[in-house]
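Q: Please take a close look at one part of this molecule and explain how it is packed. I would then like to follow the surrounding parts from there, with each term explained as it comes up.

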Amino acid sequence: MLGPLTLAGLSTVLLAACAVATPAERNAEADRIASRATLAPLLIETTVFDLHARLRAMGNVPRLTVYIEGDGFAWRRRNEPSTDPTPLDPVALRLAAADDADAVAYLARPCQFTGGEKARNCENALWTSARYSEETLAAMDAAIGALKERAGASKIALVGYSGGGTVATLLAIRRDDIVWLKTVAAPLDTDAFTAHHNVSPLSDSLNPADIAAALANLPQIHYAGSADKVVPASINRDVVARLDVGGCAMLQIVPGPTHDRGWAEIWPELVRTTPACR
């Protein structure tokens with residue numbers, strides 16, 4: 001097996017020899033994307049982490065759609081974690097910005113946009129081996145509750161990009177207010193993902209595939225890009241089949257997108273589809 005190169009490492013290791021945007025530059029780009037979509041910034045303090053969020057809510061609404069960011073800039077080199085996982089390109093934020101619904105929220109992962117290793121209780125395990133840990137999920141769960149209360153919503157829809165889709169799936173299992181789930185380029189079976197790439201297992205993380213049966217009755221669509229070589233559709237076929245025992249889950253292969261390119265451009269079309277059980 002290779003060293004601890006995993007999801008974000010596969011897409012960022014080639015950047016090692018290139019100039020990488022500073023965290024301040026990444027924050028500025030996120031501000032630019034969010035401001036054009038009237039997504040106001042929030043800092044949500046949970047028991048363990050301070051989580052960066054964005055929210056647009058036009059008064060009390062029945063449903064809030066929460067977009068969860070991917071793993072971000074997790075690895076600077078093959079065996080060198082980054083000191084700040086703030087994404088170089090916040091794809092989930094771009095998706096949220098392309099959603100013109102009355103109530104939309106964006107939720108970054110622990111230590112993104114808040115200072116990386118300098119942020120409260122942050123260490124690089126949180127964006128490497130423990131990126132889907134119980135500690136992370138508990139904080140994200142609490143943050144979604146806070147966003148729901150602020151928006152005055154009674155129900156939540158979840159959209160997760162890449163590793164954010166893994167998190168969204170795990171959160172959907174533990175919450176009873178989720179009306180539907182969408183994932184975009186997400187590894188739903190982390191063991192199959194690491195085996196496919198011959199990299200170290202995510203030893204300190206939970207795997208949605210282990211508890212897939214719990215989501216059998218939740219309407220869900222899992223999008224895979226036809227040109228995605230990081231999370232190819234084949235990785236998720238078996239787990240989506242298990243999720244679909246109730247006729248509620250679909251794996252949809254979208255022509256064109258790679259892992260991190262092409263999704264924002266087609267999202268205004270995909271956002272119109274609401275997951276439903278057959």
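A: The buried residues of helix H8 pack against two kinds of element: helix H3 (91-97), and strands E3 (63-68), E7 (155-161), E8 (178-184), E9 (220-225) and E10 (249-254). Packing here rests on contact, meaning heavy atoms within 4.5 Å. Helices (H or I, at least four residues) and strands (E, at least two) are DSSP runs numbered from the N terminus. The model is predicted, and local features need pLDDT of at least 70, side-chain atom pairs count only at pLDDT 80 or more, and totals for chains, interfaces and linings use all residues. Residues are numbered from 1 along each chain as its sequence is written, and side-chain values use heavy atoms, with hydrogens and water left out.

Helix H8 itself covers residues 263-270, and its buried residues are Trp263, Trp267 and Leu270. Buried means under 20% relative accessible area, exposed means over 50%, and partly exposed lies in between (1.4 Å probe, protein chains only). Viewed down the axis of H8, these buried residues fall within an arc of 70 degrees, so they line one face of the helix. The arc is taken from the directions that run from the helix axis to the C-beta atoms. A general rule of helices is relevant here: an α-helix has 3.6 residues a turn, so residues three or four places apart point the same way.

Strand E8, one of the partners of H8, contains threonine 183. This threonine is buried, with a relative accessible area of 1%. Its side chain makes a polar contact of 2.8 Å with the side chain of histidine 222. A polar contact is a pair of N or O atoms within 3.5 Å; within protein, one must be able to donate a hydrogen and the other to accept it, and residues adjacent in sequence count only if both atoms are side-chain atoms. Residues up to four places away in sequence aside, threonine 183 touches Gly160, Gly165, Thr169, Leu188, Ile221, His222 and Tyr223.

Strand E7, another partner, holds lysine 155, which is partly exposed at 36% relative accessible area. Its C-alpha atom is separated by 6.1 Å from that of isoleucine 178, although the two residues lie 23 residues apart along the chain. Beyond its neighbours within four places in sequence, lysine 155 is in contact with residues including Arg63, Leu64, Lys148 and Asp177.

Aspartate 177 sits in the loop between helix H5 (163-174) and E8. Aspartate 177 is buried, with a relative accessible area of 5%, and its side chain is joined to that of lysine 148 by a polar contact of 2.9 Å.

Finally, there are the nonpolar cores, each a set of buried Ala, Val, Leu, Ile, Met, Phe, Trp, Tyr and Cys residues joined through side-chain atoms within 4.5 Å. The largest has 49 residues, of which Leu64, Val66, Ile68, Leu107, Leu147 and Leu158 touch the most other members. Helix H4 (residues 134-151) gives the most to this core, with seven residues. Leucine 147, leaving aside neighbours within four places in sequence, is in contact with Leu42, Ile44, Ala53, Leu55, Leu64, Ala105 and Leu107. Apart from this core lies another, of 27 residues, and among them are Ala30, Ala108, Trp267 and Leu270. The last two bring the account back to H8, where Trp267 and Leu270 are buried.
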